[in-house]
Amino acid sequence: MAREVRCKTVEEPSLVALAKTHAATPSFKNKTASGSHLSNVHLCISSSCFLSGAGQDVGRSCILVSIGGKNIMLDCGMHMGFNDDRRFPDFSYITQQGRLTEFLDCVIISHFHLDHCGALPYMSEMVGYDGPIYMTHPTKAICPILLEDFRKITVDKKGETNFFTSQMIKDCMKKVVPLNLHQTVQVDDELEIKAYYAGHVLGAAMVQIKVGSESVVYTGDYNMTPDRHLGAAWIDKCRPDILISESTYATTIRDSKRCRERDFLKKVHETVERGGKVLIPVFALGRAQELCILLETFWERMNMKAPIYFSTGLTEKANHYYKLFITWTNQKIRKTFVQRNMFEFKHIKAFDRSYADNPGPMVVFATPGMLHAGQSLQIFKKWAGNEKNMIIMPGYCVQGTIGHKILNGQKKLEMENRQTISNGQSEIERCEPGCCRLSLEVKLQVEYMSFSAHADAKGIMQLIRMAEPRNMLLVHGEAKKMEFLKDKIEQEFTINCFMPANGETTTVITNPSVPVDISLNLLKREMALGGPLPDPKKPRTMHGTLIMKDNSLRLVTPEQALKELGLNEHQLRFTCRVQLQDPHSDPDTLSRIYTHLKSVLKGYTIQHLPDGTVMVESIVIKVSSSAEEPNTKVLLLSWSYQDEDLGSFLSTLLKKGLPSGLSSM
Amino acid sequence: MDVFASLFMFWLVNIAHSLTGCALQSCSDLHSNPLGGNTAAYLLLIKYRRRYRSCLAVDEMGETSSVENEFDDWFIESLKIYNNIHEYQLEHPTRVIEWTSEKTICVAGYSSDKNEILELLLPLKLFSDDNQGLCAERDFKVVHGGFSVGSIHCLKHIPGTRCVVTNDGFNSNLQVWDVGGDDCDVIKRTGVLQLKSASSDKGVKIAPGLTGGPCVLHGSQISDIQLTELTSGKPLYSLGKDIPDLLSSLQFVSGSVFLACACNGDLYVGDTRKPSALQNNPAGGREGVHWCMGVKTDLFSSDPSSCSVARLSSACQVVVSDLRDLRAPLCQAQLHVQRKTTSDDFMKVTWAPALDNCLAVSGFDGMVQIYDTASWRPELMEFQPLFIHQGHMMSDDQFDTSSAVVTTHVWHPSRPRTVLSAAVDGSVHVWDWVDKATASC
């Protein structure tokens, strides 16, 4: 429907356009006179490249949306699989037209995962962007910690240059404007954004972007089933023009959370039973808390005695955040928070580095999650040689880290001596290889478990059902592998589903409601014409002239429009010839027509004028015939544009001929 | 069996514990309980305990916490009784699970109007035997999908092709589908096959041909069984005997010999090379109004004793015989099942392909039961199952899981103790139970 309409519209927006509109709903629904009511979604920098390291899929999210003349960047992620320029989005698409700040109205970050926010300091400080960056409070708190962690691995350990500095992260975070859930934030006079709960990780949000009557919802990563510490994603029936959703997991049917947890417990339990030690490297925030709640419950149920430890500092830090952001956790945790803080554990105690040498089974949660430094690495070195022990990696590891190596099945690790690590980069270069490196054999069991909470095929359908978008846009997927999903969405919801490839631009045409003011004169005239009383449920056609001027639309009488614009009225007349067999003289035929019309058209002004014409309202009828064929009469009809309906009616009527029983006078 | 006596005992124990407020302990008590040795009895107890707890939940506070606990009970228990268990939730329930390759299965909806056929890729975790720990992938992947107007009651894969053949359970037409390759993920319907003498509106049973070109054996009753070439739709063989008994199961046991089980329990042996040859083996006055069969074949062996046939009746009896003599049962058993459903629609019995003498039974309630027939005898006796999968009754979703009925199950072709099962709530479970005999030593 919308496409059809678009073809009909005038290419050059004209100031005055003749339009039909609905009297009952003075909105401008099915005819647009200007081509500017289009909502373009440009996807320029999204990527569908995946790493195959230990079966993890990690892409990079960065989507550019143009809506109602505003440009918004959704997420600014980095690709974890590359070490060169390719890891950051290619902003030249924008910067060749000028500075980022001029082009972008705002940047919105959905959650703190690096594939969604990792390129943020690069964009804002190195490419240069000074506009607002929106993210939720928890994301704002956690994001700089992860960025700093990542910077340390890349610069301090791998010695890479051309990377952002700590100061840049700080400067970048100064540009952040925090978002609250369900709070509408006015970015400028026209652009507003609103965040919805997305589950997935602490602080993850879906955002609705609205300009005028057009809106887009971007989901980021979301989860439709609640877990032990977070709730399920929720959005109201906001009917956006476009719903943009990740589709990395769109074709999966997920194993239940319960079975994942079961597996985790089974592994921990088995190791502890045989007297082994379990090391779980974690990030300070995120899955760690969930796994702690799980182990705590299990220990309680099974009456387990083996000690569980949590890295020093980690508990306090995490507790601090969770207390701060308790509203972001699930209902159960919120409800019990007053009586018992779920993040204060009975069985889980603070870890001291001397405990690592204690005999007997134990479970230790230690940071950092990728085994690149710190406590988790120290413990790993101590325990790696014993096949009774186990390491469970619950998350993703960046290339080059010990975590990444052991997940790829490496059994022998070359490790830098601790002393050289503390002395920094230059020391290593001076050292002979072998004198400061030690080789470590990995005998302990390595387990990889993904607890990441993403919506699967069913979740995407649930979300569409919730938000009722008019168009669906799936990003980050392989189009030919998702034909079925596309068909399914289009059939089930009768909406369009788009799957743009990386770098491709999708343009979606919207049908916005355009308010139009109608002049009182026009309405009065419409009323005077009679007809049924206006019914708010039924559309009704009325005629008028649409004036588009000074950002407003008015529907007025044609006379008023002419007056306002200082134009003369042009007369437009239609003429046509009708052949008629009538064996009478020309004047007789004319009288017969007059009599005929008099009997058919009751209530119209019909005149037989002395100059040999019949006039019905503005319609002029003349009769002529040639000398050769006196019985073949040619009727000339002429009418003005205003009487178009009556004119065409008369021509059709006269084509049928005259009834035989007509008197000529 | 003194199941009920021990049950009663358990109730007392449980009540006592609840009164003293340490209900949690009873779980661990049970483990040291001598009756814990009997898996079947033990599982039954869990079930009753669960019901009892549901009552408690309502009485006390009408809150979900007790209900959650009872799921947790099973959750904790599952750590011991399964090596692996994966629980999936389909959008629409399926009553077919069909292997389309070593790593893919087909499922399909059976609702009255619009349905989906999905080809699912099993997670890597279910295939990698070494280094399993490093394999995090545990989700099904929808590799191909298609839409069917009618419901799907029967779905068979034609070996050596990418074709599946389906029937809606209400007419004798077969729909032929191309599951598709790597270039496209849409399953397309490519044709319709019709029975030469369509005589009923009861739906058709299908058996794919095992050798030669792609062909399919199908029929709604014994008399109209025919073999049809898939590509041309040409009938290659038809039985042409006037036996109007409804067909319940159909299967080839060699390139040309097939077994057909009638709903009344009669077993027929036919040969597509000899249209006139049909051997009838009546069930012989056993109980049960509806019968179906499961056949274990060894295509590489011509020994008729290697082909075991198990017939399951709606009265929960199983009769086992083999090709040497289908009339006389080798052994039989009365199963320990309490029927929850009156419908015979979902009844299914299958032989384990990689485990001797084991068969799985489902369709009476929310459980899949595994029996070891090695101890069964020629005379009818009641036997306890080797293992019960009751995961379909323990889903924590919003469905009323107490009324769950298992719609179908299949064995993994090579992993001895891995079974896939589906239930009316749309759940699909893949499970691999712990063999008590090897676990204890």
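Five strands of chain B come together in an open sheet, and reading across it gives the order β18-β19-β20-β21-β25. The pairing within this sheet is mixed. Its edges are formed by β18 (291–296) and β25 (382–383) of chain B, each of which pairs on one side only. Please keep in mind as you look around that this is a predicted model.

Step inside the sheet and you come to strand β20 of chain B, residues 317–322, alongside strand β21 of chain B, residues 331–335. The two run antiparallel, and four bridges join them. To find your place in this pair, start at Gln317(B): its bridge partner in β21(B) is Gln334(B).

Let us move to another part of chain B, around strand β15. How many of the six residues of strand β15 (residues 257–262) of chain B are buried? Six of the six are, so the strand is largely enclosed by the rest of the structure. The side chains are worth following one by one. Val257(B), Leu259(B) and Cys261(B) point one way from β15(B), while Phe258(B), Ala260(B) and Ala262(B) point the other way. Both sets are buried.

Now look at the neighbours of this strand. Strand β14 of chain B, residues 247–252, runs antiparallel to β15(B) and is joined to it by five bridges. Within that pairing, Ser249(B) has Cys261(B) as its bridge partner in β15(B). A hairpin makes the connection from β14(B) to β15(B), passing through four residues.

Strand β16 of chain B, residues 267–271, also runs antiparallel to β15(B), again with five bridges between them. Here Val257(B) stands opposite Asp271(B) in β16(B). The hairpin of β15(B) and β16(B) has four residues between the strands, and in this hairpin Gly265(B) takes a positive phi near 100°.

Asp271(B) deserves a second look, since it leads us from strand pairing to charged contacts. Asp271(B) forms a salt bridge with Arg273(B), and their closest N and O atoms are 3.2 Å apart. Are the two partners buried or exposed? Asp271(B) has a relative accessible area of 7%, so it counts as buried. Arg273(B), on the other hand, is exposed because its relative accessibility is 61%, over the 50% cut-off.

A search of the whole structure finds 37 salt bridges over all chains. Turning to chain A, a network is a good place to begin: salt bridges that share partners link Arg99(A), Glu102(A), Glu125(A), Asp130(A) and Lys175(A).

Elsewhere in chain A, Asp263(A) forms a salt bridge with Arg262(A), with 3.8 Å between the closest N and O atoms. Asp263(A) is buried, at 3% relative accessibility, and Arg262(A) is buried too, with a relative accessible area of 1%.

The last pair to visit is Lys346(A) and Glu300(A), whose salt bridge has its closest N and O atoms 3.1 Å apart. This pair links distant parts of the chain, 46 residues apart. Lys346(A) sits in the loop between α11 (331–336) and β16 (348–350) of chain A, whereas Glu300(A) belongs to helix α9 (residues 287–302) of chain A. Lys346(A) is exposed, with a relative accessible area of 56%, and Glu300(A) is partly exposed at 39%.

Technical notes:
Residues are numbered from 1 along each chain as its sequence is written. Chains are lettered from A and ligands numbered from 1 in the order in which they are written. This is a predicted model: local features need pLDDT of at least 70, side-chain atom pairs count only at pLDDT 80 or more; totals for chains, interfaces and linings use all residues. Side-chain values use heavy atoms; hydrogens and water are left out. Two strands pair if DSSP finds at least two bridges between them. A salt bridge is a side-chain nitrogen of Lys or Arg within 4 Å of a carboxyl oxygen of Asp or Glu. Buried means under 20% relative accessible area, exposed over 50%, partly exposed in between (1.4 Å probe, protein chains only).
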